[in-house]
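Please look through the sequence and the structure shown here before reading the notes that follow. They take up individual residues, one helix, the nonpolar cores, the ligand site and some backbone features.

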Amino acid sequence: MSDRRQLALNLFIYPGGHHEAAWRYKGYPADRILDVSFYQELTQRAETHKFDAIFFADGPALADNVRYAQRFRFEPITWLAAIAAVTKRIGLIATASTTYTEPYNLARLFASLDHLSQGRAGWNIVTTSTPQAAQNFGLPEHPPHHERYERAREYLDVITKLWDSWEDDALVNDPVSGVFADTSKIHAIDHVSKQLRVRGPLNISRSPQGRPVYVQAGSSDDGRSFAARFAEAIFTAHQTLDSAQEFYADIKRQAGSFGRSPDQIKILPGISPFIGSTQAEADRLQEEFNDLIQPEYSLTQLRQMIGLDLSGFDLDAPFPRHLIDAGSARGVASRFKLVVDIVDREKPTIRQLVQRLAGARGHWVIAGTPGRIADNIQTWFENGAADGFNVMPPWLPGGFDIFAEEVVPILRKRGLFRNDYTGKMLREHYGLNRPASVFSHAPQAIA
Ligand SMILES: Cc1cc2nc3c(=O)[nH]c(=O)nc-3n(C[C@H](O)[C@H](O)[C@H](O)COP(=O)(O)O)c2cc1C
């Protein structure tokens, strides 16, 4: 184990890749996107390259622009269970919503994934930014941003107690004495709060990691304070070193105010690299993808981010900055700010803006040689902007293989990334402590 601080690297899997036109690119395996073995093989390769984890995003609704882009979703925990069966070390992070799930069900799902993967589960905690989800759950409309975070705080309180409701040594499993479980170490949680009422205990013993790794991806004020209070890993989108440094410093400072140690929080911005043997080749590759985008799709993406419908506008005209109304930041508050910052900083045409966002929905897109990509990663890592990265290949599997075979060896040679796993669990890969059960000193138990 190197004593030197090292990068955490996740592979963020989006079926065809993160560029919105990836599925139209010649290297794209159209016939395999519904074949779980495609994702099993990809994850096995990420494990071979010693990545910390793979990550699946999710939203309980069909995006309204599926005509032009493959926006389908397997349910992520089911998907990861199939991948857990053919892997040994790599972490398995799934998104699940605190707005559109119930804590008891979700506690069972993640505890099961952590058990069957021998301690590799992570939960990307989202409040769901897609308004369409509300109608799938009998709600007249999507709850407002602040209310979603209010429920999320209650939810974390409940589900943490459920994962802790069996103390680590509650499972006895002794046929001779006839005692299966020490019920003095299994606790009802009797939780009552504004939106949630749960008695517990959970109906499965405490999982290898105690709890899945808490991951979160909010960047608004609510999102940041939630992250600083609960998250152990934070996914975030930044276009520039400055904005990443500001976010990093703010989160670590806020975490301190919750009495948390900054090294127990890993901040992982997204990076989507176009790699070529020369800069020109890398730029050409990115252009090739951008030439495949379909404005019908890109403009709906843009509308979701900034609430402005630009269909019918001349794409090569300057972006109509005066039409942006700050009040329309309904869905993704932080993504709204990110797009407006690009407009103000770069004064793009509409086409240039949608091409900017086509790469990875507002995450950092960079084109260059392997050396240039490694240099930029090292700069963010060594200058208070990141503890690692969510690698978002523009297309799969090719975009990942090039990164793993060309950039990772450079990072390794510089001592910035592990040569081999030293632990078995996701918490060990990230250098995170294993939380004790909140009940481990509690008097009352179920019997
Ligand atoms: C890397 C990353 C992954 C995300 N994955 C999801 C996801 O799977 N599902 C989802 O509803 N939102 C996802 N989001 C959006 C966030 O959960 C959040 O809604 C968004 O960052 C806005 O932050 P805010 O909630 O603080 O306004 C993701 C964001 C980032 C940066």
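## Two buried positions

Phe439 counts as buried, because its relative accessibility is 8%, below the 20% limit used for that class. In this predicted model, Phe439 is found in the segment that comes after α13 (426-430), and its C-alpha lies 35 Å from that of Leu11, a residue 428 places away in sequence.

Ala53, which has its place in strand β2 (residues 53-56), is likewise buried, with a relative accessible area of 0%. When neighbours within four places in sequence are left aside, Ala53 is in contact with Leu9, Asn10 and Leu11, with the run Ile90, Gly91, Leu92 and Ile93, and with Leu426 and Tyr430. Ala53 and Asn390 are 337 residues apart in sequence, yet their C-alpha atoms are 9.2 Å apart in space.

## Nonpolar cores

In soluble globular proteins, nonpolar side chains tend to be buried together. Here the largest nonpolar core has 72 residues, and Phe51, Trp123 and Phe403 are those with the most contacts inside it. Helix α4 (residues 145-163) gives the most to this core, contributing eight residues. A second core, separate from the largest one, has 26 residues, including Met392, Leu426, Tyr430 and Leu432.

Helix α4 also holds Arg151, which is buried at a relative accessible area of 10%. Beyond its neighbours within four places in sequence, Arg151 is in contact with Thr98, Thr99, Thr101 and Glu102, and also with Gln195 and Leu196.

## Helix α11

Helix α11 (residues 370-382) has 13 residues and reaches 18 Å from its first C-alpha to its last, close to the 18 Å expected at 1.5 Å a residue. Its buried residues are Pro370, Ile373, Ala374, Ile377, Gln378, Trp380 and Phe381. Because these residues cover an arc of only 165 degrees around the axis, they lie on the same side of α11.

The elements against which the buried residues of α11 pack are two helices, α6 (241-257) and α12 (398-413), and three strands, β11 (266-275), β12 (364-368) and β13 (388-391). After α11 comes Gly384, whose phi is positive, near 65 degrees.

## Surroundings of the ligand

The ligand is surrounded by 23 residues, of which Asp58, His145, Tyr149, Ala217 and Ser220 are the closest. A side-chain N or O atom of His145 lies 2.7 Å from an oxygen atom of the ligand. The backbone takes part as well: a polar backbone atom of Ala217 is 2.5 Å from a ligand oxygen atom, and a backbone N or O atom of Ser219 is 2.9 Å from an oxygen atom of the ligand.

## Backbone features worth checking

Most residues other than glycine have a negative phi, and most peptide bonds are trans. A cis peptide bond, with omega about 0 degrees, joins Gly200 and Pro201, and Pro201 is found in the loop between β8 (197-198) and β9 (213-216). Another cis peptide bond joins Leu396 and Pro397, again with omega about 0 degrees; Pro397 lies in the loop between β13 and α12.

Asn173, although not a glycine, has a positive phi of about 60 degrees; this residue is found in strand β5 (residues 171-174) and counts as partly exposed at 48% relative accessibility. Asp190 also has a positive phi, near 40 degrees, and has its place in the loop between β6 (179-181) and β7 (191-192), where it is exposed, with a relative accessible area of 53%.

Note on methods:
Residues numbered from 1 in each chain as written. Predicted model: local features only at pLDDT ≥ 70, side-chain atom pairs only at ≥ 80, totals over all residues. Heavy atoms only, no water. Helix = DSSP H or I, 4+ residues; strand = E, 2+ residues; numbered from the N terminus. Expected span 1.5 Å × (residues − 1). Buried < 20%, exposed > 50% of the residue type's maximum accessible area, 1.4 Å probe, protein only. Arc of directions from axis to C-beta. Contact = heavy atoms within 4.5 Å. Core = buried A, V, L, I, M, F, W, Y, C linked by side-chain atoms within 4.5 Å. Near = heavy atom within 4 Å. Polar contact = N/O pair within 3.5 Å; in protein donor to acceptor, adjacent residues only side chain to side chain.
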